[in-house]
Amino acid sequence: MNARIFPAHRHAGAGLAALAVAAAGWALLPHAGRQSTLRLIEDICSSVSRPMFSSAPAPEGSAAAARPQTSSRVISCEALPNVPGKSVTTVIVDFPPMAYSPAHRHPGSVTAIILDGTVRSQLAGTPVGDYKSGETFFEPPGTLHLFAENPDPVKPARLVAVFVAEENCGPLLLPP
């Protein structure tokens, strides 16, 4: 998706707080940990301008980079009054023919319901699954989602993803 879902200024306060905590902990990490922390901070900061469900771009020059990307749009976000600090966010995700979404994670629980077409998906430690219209899959918080794709060269696919995550509707995407 090329359009931004939320303006960056809505996430600026949370992003700055996360950076402050990360910077404080960074000094205590060994050198290798510092490099990982820098990559994590860069991924978190860049996620403000990326779609919330779509994953980071595939590595340049890879076969996956040549494939169409998914697009997403938030259709609702509501605080859960009976679960303080949590919200439920509903997102529509469109998969053009042959669309591919590389490895990513989500901070909260996700239930995906296939509305149209077929979505092939694999979570770490599970077999690849082909999910058709009316079928669902679940992602526990933080699980590595190895990939999701529309294997059909002609027909698009669409799903609705229901996230239960931190209040304020995001971010919903984490680096692999």
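This passage describes the fold, the nonpolar core and some local features of a predicted protein model.

The secondary structure of the protein consists of two helices and nine strands, and, read from the N terminus, the order of these elements is α-α-β-β-β-β-β-β-β-β-β. Of the 176 residues in the protein, 31% count as buried, while the protein exposes about 9400 Å², of which carbon and sulfur atoms supply 62%. Among the contacts with a separation of 6 or more, 70% are accounted for by residues that lie 24 or more positions apart.

The largest nonpolar core contains 16 residues, and F95, V119, L159 and F163 are the ones that touch the most other members. At least two residues of this core are supplied by each of strand 2, strand 4 and strand 9 (157-166), and it is strand 9 that gives the most, with five residues.

Strand 4 (residues 109-116) also runs antiparallel to strand 7, to which four bridges join it, and within this pairing V110 stands opposite E139 of strand 7. In a regular strand the side chains alternate between the two faces of the sheet. Such an alternation is found along strand 7 (residues 136-139), where F137 and E139 point to one face and are buried, whereas T136 and F138 point to the other face and are not buried.

A further local feature concerns M98, which is placed in the loop between strand 2 (86-95) and strand 3 (100-101). Although M98 is not a glycine, this residue has a positive phi of about 65 degrees. M98 counts as partly exposed because its relative accessibility is 30%, a value between the limits of 20% for buried and 50% for exposed residues.

Methods:
Residues numbered from 1 in each chain as written. Predicted model: local features only at pLDDT ≥ 70, side-chain atom pairs only at ≥ 80, totals over all residues. Heavy atoms only, no water. Buried < 20%, exposed > 50% of the residue type's maximum accessible area, 1.4 Å probe, protein only. Pairing = 2+ DSSP bridges. Core = buried A, V, L, I, M, F, W, Y, C linked by side-chain atoms within 4.5 Å. Contact = heavy atoms within 4.5 Å. Areas by Shrake-Rupley, 256 points an atom, 1.4 Å probe, with all protein chains shown as cover.
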